[in-house]
Amino acid sequence: MKKLGMINRDIAASLASFGHTDLLVIGDCGLPIPKGVPCIDLSFRIGEPSFLTVLEAILEDFQVEAAFIAREITEGNREVETGILDQIEAGYISHEELKEQSKQAKLIIRTGEATPYANIILRSGVIF
């Protein structure tokens with residue numbers, strides 16, 4: 001049995017399969033899931049688990065080279081934007097571009113978050 005880190009077996013196995021530059025998306029409960037992109041759905045009721053809780057847990061186990069959030073978050077969800085930027089440096093892209101790039105994701109993790117623009121693309125880095 002795993003003792004530390006991500007204990008969700010589906011997420012742990014998926015993260016172990018990532019290579020350099022693969023994309024991981026963590027999304028709110030409203031983010032469209034593109035056809036053909038695997039999705040691990042953690043939502044169990046509105047707001048739970050929260051986007052920031054899931055992001056924090058992922059960042060403990062996942063090497064990030066770059067991160068991208070929707071620029072609309074600045075006007076639409078300052079609280080989540082601040083929570084993201086407290087954990088990781090992120091670049092801004094349009095929400096439409098974020099949805100388009102999510103089609104290239106190796107995995108999407110769906111949270112129960114029900115606030116606008118609570119989505120992030122994480123580009124996998126290397127640990128050396």
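1. The largest pocket of this predicted model has a volume of about 190 Å³. A pocket here is an open set of points on a 1 Å grid over the protein atoms alone, where a 1.4 Å probe fits, with protein on both sides within 12 Å along at least five of seven lines. The volume is the space filled by probe spheres set on the points, which are joined across faces, edges and corners.

2. Who lines this pocket? The lining (residues with an atom within 4 Å of a point) consists of Lys2, Ala12, Leu15, Ala16, Phe18, Asp61, Phe62, Gln63, Ser124, Gly125, Val126 and Ile127. Helix H1 (residues 9-16) supplies the largest share, 3 residues. Helices (H or I, at least four residues) and strands (E, at least two) are DSSP runs numbered from the N terminus. By character, the lining splits into 7 nonpolar, 3 polar and 2 charged residues; Ala, Val, Leu, Ile, Met, Phe, Trp, Tyr, Cys and Pro count as nonpolar, Asp, Glu, Lys and Arg as charged, and the others, Gly among them, as polar.

3. A word on how to read the values. Residues are numbered from 1 along each chain as its sequence is written, and side-chain values use heavy atoms, with hydrogens and water left out. Since the model is predicted, local features need pLDDT of at least 70 and side-chain atom pairs count only at pLDDT 80 or more, while totals for chains, interfaces and linings use all residues.

4. Ser124, one of the lining residues, is a good place to step from the pocket to the sheet. Ser124 sits in strand E6 (residues 120-124). It counts as buried because its relative accessible area is 4%, and buried means under 20%, exposed over 50% and partly exposed in between (1.4 Å probe, protein chains only). Leaving out residues up to four places away in sequence, Ser124 touches Phe18, Gly19, His20, Thr21, Asp22, Phe62, Gln63 and Glu65; contact means heavy atoms within 4.5 Å. Ala67 is 57 residues from Ser124 in sequence, yet their C-alpha atoms are 9.1 Å apart.

5. The sheet itself is open and has 6 strands, in the order E2-E5-E1-E6-E3-E4 with mixed pairing. Its edges are strand E2 (39-41) and strand E4 (91-93), each of which pairs on one side only. From one strand to the next, the twist averages 25 degrees, taken from lines fitted to C-alpha atoms, with angles from 0 to 180 degrees between N-to-C directions. Strands of a sheet pair through backbone hydrogen bonds, either parallel or antiparallel.

6. Strand E5 (residues 107-110) deserves a look, with two parallel pairings to follow. E5 pairs with E2 over 3 bridges in the parallel sense, and with strand E1 (residues 23-27), also parallel, over 4 bridges; DSSP must find at least two bridges for strands to pair. Which residues stand opposite Ile109 of E5? Ile40 does, and so does Ile26. Further along, Asp41 stands opposite Arg110 in E5.

7. Gly112 belongs to the loop between E5 and E6. At a relative accessible area of 1%, Gly112 is buried. Gly112 touches Cys29, Ser43, Arg45, Ile46, Gly47, Glu48 and Pro49, not counting residues up to four places away in sequence. Gly27 and Gly112 are 85 residues apart in sequence and 8.7 Å apart in space, C-alpha to C-alpha.

8. Two of those contacts of Gly112, Glu48 and Pro49, bring us to the backbone. What kind of peptide bond joins Glu48 and Pro49? The bond is cis, with omega of about -10 degrees. Pro49 lies in the loop between E2 and helix H2 (51-61).

9. Positive phi angles are worth checking too. Thr21, which touches Ser124, has a phi of about 80 degrees although it is not a glycine. Thr21 is in the loop between H1 and E1 and is partly exposed, with 41% relative accessible area. Tyr117, also not a glycine, has a positive phi near 60 degrees. Tyr117 lies in the loop between E5 and E6 and, at 27% relative accessibility, is partly exposed.

10. Finally, is His95 buried or exposed? His95, in helix H5 (residues 95-101), is buried at a relative accessible area of 17%. Apart from neighbours within four places in sequence, His95 is in contact with Ala70, Glu72, Tyr117 and Asn119.
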